[in-house]
Amino acid sequence: MTDLIVGICTFRRPSVIETIKSVDAQTGRRADWIIVVDNDDMPTAQQSVEALSLKTPITYIHAPGRNISIARNACLEAAGPCHFAFLDDDETASPEWLTAMVDAMTQGHQAVFGPVIALYPEDSPPWMEQVSPHSQYPLPALKELVTG
């Protein structure tokens with residue numbers, strides 16, 4: 001398998017630090033490299049990202065523009081040819097996340113999508129956790145996926 005790189009695009013979210021730590025804490029297949037692209041006009045995440053002490057090599061890139069496409073393209077350009085996973089800066093990966101993604105890829109899939117399960121603060125209305133409008137679940141296996 002080629003290198004496995006995780007890209008995290010961020011824009012003014014301190015939660016990116018927990019996101020990065022969750023990638024570094026993978027218990028199965030680990031990332032070979034983490035790329036963090038800061039999309040703010042000023043490099044607001046640089047100091048906190050570069051201060052981290054991780055097992056996984058990490059690169060910080062400042063790509064101003066306030067446009068997620070600019071940030072994603074900067075991640076992909078920095079990574080080059082590899083297996084690549086994106087994680088949002090307000091998400092945390094479960095300890096076996098990368099293992100599950102790699103297992104699905106080895107079954108011949110060219111792209112893999114996993115669930116996003118929202119966690120709500122204790123003071124959230126009960127209906128919010130019941131309905132979970134911020135969670136996303138991939139569709140059951142399809143013969144052909146035409147869009148992500």
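These legends describe close-up views of a predicted model.

In this model, local features need pLDDT of at least 70 and side-chain atom pairs count only at pLDDT 80 or more, while totals for chains, interfaces and linings use all residues. Residues are numbered from 1 along each chain as its sequence is written, and side-chain values use heavy atoms, with hydrogens and water left out.

**Figure 1. The whole chain has 5 helices and 4 strands.** Helices (H or I, at least four residues) and strands (E, at least two) are DSSP runs, numbered from the N terminus. Read from the N terminus, the elements run β-α-β-α-β-α-β-α-α. The C-alpha atoms fill a box of roughly 45 × 40 × 30 Å, taken along the principal axes. A compact globule of 148 residues would have a radius of gyration near 15 Å; the chain has 16 Å, which agrees. That radius is taken over C-alpha atoms, and the globule rule is 2.2 Å times the number of residues to the power 0.38. Buried residues make up 34% of the 148 residues. Buried means under 20% relative accessible area, exposed means over 50%, and partly exposed lies in between (1.4 Å probe, protein chains only). Contact means heavy atoms within 4.5 Å. Take the contacts between residues at least 6 apart in sequence: 68% of them join residues at least 24 apart.

**Figure 2. Helix α1 is largely enclosed by the rest of the structure.** The helix covers residues 16–24. Of its 9 residues, 7 are buried. They are V16, I17, T19, I20, S22, V23 and D24. Their cover includes strands β1, β2 and β3. It also includes helices α2 (46–50) and α4.

**Figure 3. S22 is a buried residue of α1.** Its relative accessible area is 10%. The side chain of S22 reaches the backbone nitrogen of A93 at 2.9 Å. This distance fits the cut-off for a polar contact, a pair of N or O atoms within 3.5 Å; within protein, one must be able to donate a hydrogen and the other to accept it, and residues adjacent in sequence count only if both atoms are side-chain atoms. Leaving out residues up to four places away in sequence, S22 touches L87, T92 and A93.

**Figure 4. Helix α3 has its buried residues along one face.** The helix has 12 residues, 68–79. At 1.5 Å a residue they should span 16 Å, and the end C-alpha atoms are 17 Å apart, which agrees. The expected span is 1.5 Å times one less than the number of residues. A71, A74, C75 and A79 are buried. Seen down the axis, the buried residues fall within an arc of 125°, so they line one face of the helix. The arc is that of the directions from the helix axis to the C-beta atoms. What covers these residues includes β1 (4–10), β2 (33–38), β3 (58–62) and β4 (83–86).

**Figure 5. The two ends of α3 involve N67 and G80.** At the start, a side-chain oxygen of N67 comes to within 2.8 Å of the backbone nitrogen of S69. After the helix comes G80, with a positive phi near 70°.

**Figure 6. D40 makes a polar contact with R12, side chain to side chain.** The distance is 3.0 Å. D40 lies in the loop between β2 and α2. At 3% relative accessibility, D40 is buried. R12 sits in the loop between β1 and α1 and is partly exposed, at 49%. Leaving aside neighbours within four places in sequence, D40 is in contact with T10, F11, R12, H62, P64 and R66.

**Figure 7. R12 and R66 each have a positive phi.** Most residues other than glycine have a negative phi. Phi is near 55° for R12 and near 50° for R66. R66 is in the loop between β3 and α3. Its relative accessible area is 48%, so R66 is partly exposed.

**Figure 8. F84 and F86 form an aromatic pair.** A search of the whole structure finds 1 such pair. Rings of Phe, Tyr and Trp (its six-membered ring) pair if their centres lie within 6.5 Å; planes under 30 degrees apart count as stacked, over 60 as edge-to-face and the rest as tilted. The centres of F84 and F86 are 4.7 Å apart, with 65° between the planes, and the pair is edge-to-face. F86 is partly exposed, at 35% relative accessible area.
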